[in-house]
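User: I would like to learn how to read a fold from its strands, helices and core. Could you take me through one example?

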Amino acid sequence: MIRVLFIGDVCGKPGRRAVRDLLPEIKAKEKIDVVITNIENSAHGRGATVETVNELMYYGVDFMTAGNHIWRRPDFHDLLSGDFPIIRGLNYPDDLPGKGFGEIDLGKKGKLLVITVIGYGFMNERTISEPFRRMEQLMKQINPDDYAGILTEMHAESTSEKVSFGLYFDGKVSAVLGTHTHIPTADERLLPSHSAYITDVGMVGPLDSSLWVKKEIVFQQNMYPYSPRYEIEEEGPVRFDAVVIEIDGPTSAKSIKRINKTL
Ligand SMILES: [Fe+2]
Ligand SMILES: [Fe+2]
């Protein structure tokens, strides 16, 4: 059995501080074997830097995934070079830096395969390929029995695309976890063929914001054809959203549980 803590998109300094403050206690209480988080917003909301990634690893994060915002800072070259335990979306073109899947060696417990797929709907990512077929192609290249678990992150805007993806790969992977909207959903469950599923894990970032952006800026963005540059909300309460998954095989899980806290 592998107990995974998967943390939603960590946003800027408020998000990194919340990880620092909460991770030791959650790891001990939940007997966590491995901590995974999405780092696409870890540097002031926009992309990630070597510095922010090193900081999160220092706090106890073992492995990281990246969504559509990873390309926003030139550090992606270093972060996806293979020197860091970070993956990018599988369905980006093969000639881009990085890989869409990675292994975590858990010693006696075996290897955990982590895959990130970017959704198609409303994402404005013109270079990605259709996620279902791209994922199937990868599944044909691997032998599930080589792994103690297979965790898939579906980084997408559309709830219907995420639930469809979960049901399609139910019984083929241990878990399908949605990210990207930064809003946690309450639909965590084991699907009929025992894969764990949630439409969106949520985020770690400023609660009274949109995504992580200061509300005054978002108001202007909604009301005027011009708006100031996005700034992160650094004041006020911070939300911490994650899930704990008990993985009992490469194509199944035993449980999935939400952790949603406000600091
Ligand atoms: Fe994000
Ligand atoms: Fe995203």
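Analyst: Happy to; we will go from the sheet to the helices and then to the core. Keep in mind that this is a predicted model.

User: Let's begin with the sheet. In what order do the strands of the open sheet lie, and which are the edge strands?

Analyst: Strands of a sheet pair through backbone hydrogen bonds, in either the parallel or the antiparallel sense. Here an open sheet of 6 strands runs in the order β6-β7-β8-β9-β11-β10, and its pairing is mixed. The edges are β6 and β10 (189-190), each of which pairs on one side only.

User: In what sense do β6 and β7 pair, and in what sense do β8 and β9?

Analyst: Strand β6 and strand β7 (residues 111-118) are antiparallel, with 5 bridges; Ile 104 has Leu 112 of β7 as its bridge partner. Strands β8 (residues 149-155) and β9 (residues 175-179) are parallel, over 5 bridges, and there Thr 152 is partnered by Val 176 of β9.

User: What links β6 to β7?

Analyst: The two form a hairpin with 5 residues between them, and Gly 107 in the turn has a positive phi of about 60°.

User: How do the side chains point along β6?

Analyst: They alternate along residues 101-105. Gly 102 and Ile 104 point to one face and are buried, whereas Phe 101, Glu 103 and Asp 105 point to the other and are not.

User: Now the helices. Which strands do α4 and α5 lie across?

Analyst: Helix α4 (residues 131-141) lies across β6 and β7, at about 155° to β7. Helix α5 (residues 159-168) lies across β8, β9 and β11 (196-198), at about 170° to β9.

User: Which residues of α5 are buried, and why are they on the same side?

Analyst: The buried ones are Glu 161, Lys 162, Phe 165 and Gly 166. They are on the same side of α5 because they cover an arc of only 135° around the axis. Among the elements that cover these residues are α4, β8, β9 and β11.

User: Last, the core. How many residues does the largest nonpolar core have, and which have the most contacts inside it?

Analyst: That core has 70 residues, and Phe 6, Ala 175, Val 243 and Ile 245 have the most contacts inside it. Strand β15 (residues 238-249) gives the largest share, 7 residues.

User: What does Phe 6 touch?

Analyst: Leaving out residues up to four places away in sequence, Phe 6 touches Ile 36, Leu 177, Val 201, Ala 242, Val 243 and Ile 245.

Terms used
Residues numbered from 1 in each chain as written. Chains lettered and ligands numbered in written order. Predicted model: local features only at pLDDT ≥ 70, side-chain atom pairs only at ≥ 80, totals over all residues. Core = buried A, V, L, I, M, F, W, Y, C linked by C-beta atoms within 7 Å. Buried ≥ 20, exposed ≤ 12 C-beta atoms within 10 Å, placed from the backbone. Helix = DSSP H or I, 4+ residues; strand = E, 2+ residues; numbered from the N terminus. Contact = placed C-beta atoms within 7 Å. Pairing = 2+ DSSP bridges. Axes fitted to C-alpha atoms, helices over the stretch in contact; angles between N-to-C directions. Arc of directions from axis to C-beta.
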